[in-house]
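I'm opening a fresh page for this one. My plan is to look up a few things in turn and jot down what I find.

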Amino acid sequence: LSPLQKWAVLVLSAGSSLSCLSCLLALAVSIGLTLGTQGRALLAPCTVTNTSRECPFDPTRVYVSPLWDGDGD
């Protein structure tokens with residue numbers, strides 16, 4: 001590898017590492033908030049009736065992009 005390529009690999013590696021660290025930090029913060037509030041922060045937009053929770057979203061649903069038709073192509 002030439003010196004320019006070595007520097008490019010070093011810079012891209014450092015940028016990738018910083019990106020990974022920021023994602024890990026965000027994940028740690030969200031896990032900490034969830035555990036600290038015993039899950040109440042996740043369901044904050046929901047209203048509780050005497051029999052169930054009414055949420056503006058389905059917390060048990062897995063959302064998939066409509067651009068993906070699922071046939072594997």
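Before I start on the helix, one definition: the expected span of a helix is 1.5 Å times one less than its number of residues. I should also note that I'm working from a predicted model.

**Entry 1: the helix.** How does the reach of α1 compare with the expected span? I looked up its 34 residues and found 49 Å from the first C-alpha to the last, close to the 50 Å expected. The helix covers residues 3-36. Just after α1 comes Q38, and I noted its positive phi, near 55 degrees.

**Entry 2: the overall layout.** I listed 1 helix and 2 strands for the chain. Reading along the sequence, I get α-β-β.

**Entry 3: confidence.** I checked how far to trust the model. The mean pLDDT of the chain is 81, with 77% of its residues at 70 or more. Which element has the lowest mean pLDDT, and which the highest? Strand β2, residues 53-54, is lowest at 74, while α1 is highest at 94.

**Entry 4: the surface.** I looked up how much of the chain is tucked away: 3% of its 73 residues count as buried. The exposed area comes to about 6500 Å², and carbon and sulfur atoms supply 67% of that. I also found a nonpolar surface patch of about 630 Å², made by L18, L21, L24, L27, I31 and L35. I picked out L27, which sits in α1. Its relative accessible area is 45%, so L27 goes down as partly exposed, since that label runs between the 20% and 50% cut-offs.

**Entry 5: the cysteines.** How many disulfides turn up in a search of the whole structure? I got 0. C20 is in none, and its nearest cysteine sulfur, on C23, is 6.8 Å away. Turning to C23, I found no disulfide there either, with the sulfur of C20 as the nearest at 6.8 Å. A pair has to be within 2.5 Å to count, so I left both cysteines unpaired in my notes. Last, I wrote C20 down as partly exposed because its relative accessibility is 43%.

Note on methods:
Residues numbered from 1 in each chain as written. Predicted model: local features only at pLDDT ≥ 70, side-chain atom pairs only at ≥ 80, totals over all residues. Heavy atoms only, no water. Buried < 20%, exposed > 50% of the residue type's maximum accessible area, 1.4 Å probe, protein only. Patch = residues over 30% accessible without salt bridge, like charges linked within 9 Å, V, L, I, M, F, W, Y side chains within 5 Å. Areas by Shrake-Rupley, 256 points an atom, 1.4 Å probe, with all protein chains shown as cover. Salt bridge = Lys/Arg side-chain N within 4 Å of Asp/Glu carboxyl O. Helix = DSSP H or I, 4+ residues; strand = E, 2+ residues; numbered from the N terminus. pLDDT = per-residue confidence, 0-100.
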